[in-house]
Amino acid sequence: MRWIDVSISLREGMVVWPGDAPFAFTASSRIADGASCNTSAITLPTHCGTHCDAPRHFEDGGKRLHEIDPNLYFGPAEVIHLPGLAVITAANLPSRPLPPRILFKTANSDYNEASPFKTDFVGLDESAAKRLVADHVRLVGIDYLSIAPYKQSAPTHHALLQNDVFIVEGLRLQAVPAGPCEFVVLPMPLHDA
């Protein structure tokens, strides 16, 4: 089996959600400066790079990251390639029942990682989110910083997160073909995130 890393590398200057603090990587100590070892500190918003949205992200009483069943993080998924859409609606989804883990590969995958923030990224509207819930999808991923279109986040996020559908955003899917695959997501184990 060939594994493809679909995560975005964290680095200074990377795109973050508008208004969020930038990612920073700072040397804390260096052997070259007389320290016994090299150590560093990182500062980052929780909504940059490849990241996960636990229900708590939009639902005040929703599960936090440490409360999610980790079995959800491993298993079969399906990559659905939907190029050429401005927004994904329920009508754009296959008519057959959907599997428990879905990853959406869209025109977002054509963006260069070093590009500035794009407001016209492809996301799911509320009808698509409700269809995922109806089909008992447990995990949904997409290839940009939000599952929902820009400034239209609430309806899609609420539809998914109120129903404990785990969201993975910021996937790098350029090299991933459409169809079935094995998927592993390893969120940072941040307690209460």
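This report describes the sheet, the pocket and cavity, the cysteines and two unusual backbone angles of a predicted model.

**The sheet**

Six strands form an open sheet in the order β3-β7-β6-β5-β4-β8, and their pairing is mixed. Strands of a sheet pair through backbone hydrogen bonds, and the pairing can be parallel or antiparallel. The edges are taken by β3 and β8; each has a single partner strand, so one side of each has no neighbour in the sheet. From one strand to the next, the twist averages 25 degrees.

One pair inside this sheet can be followed in detail. Strand β4 covers residues 74–81 and strand β5 covers residues 101–105; the two run parallel and are joined by four bridges. In this region, His 81 stands opposite Lys 105 in β5.

**The pocket and the cavity**

The largest pocket has a volume of about 1,000 Å³. It is lined by 40 residues, and those closest to its centre are Thr 50, His 51, Cys 52, Val 168 and Val 185. Which strand gives the most to this lining? The answer is β8, with five residues. Both β3 (51–53) and β8 (179–184) supply at least two residues of the lining. These two strands are also the edge strands of the sheet described above.

The structure also holds one cavity of 30 Å³ or more. The volume of the largest cavity is about 240 Å³. Its lining has 21 residues, with Ile 8, Tyr 111, Asn 112, Glu 113 and Tyr 144 closest to the centre.

The table sorts the lining residues of each space by kind.

| Space | Nonpolar | Polar | Charged |
|---|---|---|---|
| Largest pocket | 29 residues | six residues | five residues |
| Largest cavity | nine residues | seven residues | five residues |

**The cysteines**

A disulfide is a covalent bond between the sulfur atoms of two cysteines. How many disulfides does the model have? The count comes to zero. For a pair to be counted, the two sulfur atoms must lie within 2.5 Å. The cysteine sulfur closest to that of Cys 48 belongs to Cys 52, and at 12 Å it is too far away for a bond. Seen from the other side, Cys 52 has its closest cysteine sulfur in Cys 48, again at 12 Å and too far for a bond. Cys 48 has a relative accessibility of 3% and therefore counts as buried, since the cut-off for buried is under 20%. Cys 52 has already appeared in this report, as one of the residues closest to the centre of the largest pocket.

**Two positive phi angles**

Most residues other than glycine have a negative phi. Lys 151 is not a glycine, yet its phi is positive, at about 60 degrees. Lys 151 sits in the loop between β6 (139–142) and α2 (153–161). Is this residue buried or exposed? With a relative accessibility of 70%, Lys 151 counts as exposed, because the cut-off for exposed is over 50%.

Asp 164 is also not a glycine and has a positive phi, of about 55 degrees. This residue lies in the loop between α2 and β7 (166–169). Its relative accessibility is 32%, so Asp 164 counts as partly exposed.

Methods
Residues numbered from 1 in each chain as written. Predicted model: local features only at pLDDT ≥ 70, side-chain atom pairs only at ≥ 80, totals over all residues. Heavy atoms only, no water. Buried < 20%, exposed > 50% of the residue type's maximum accessible area, 1.4 Å probe, protein only. 1 Å grid on protein atoms, 1.4 Å probe; cavity = no way out; pocket = protein on both sides within 12 Å on 5 of 7 lines; lining within 4 Å. Points joined across faces, edges and corners; volume = space filled by probe spheres on them. Nonpolar A, V, L, I, M, F, W, Y, C, P; charged D, E, K, R; others polar. Pairing = 2+ DSSP bridges. Axes fitted to C-alpha atoms, helices over the stretch in contact; angles between N-to-C directions.
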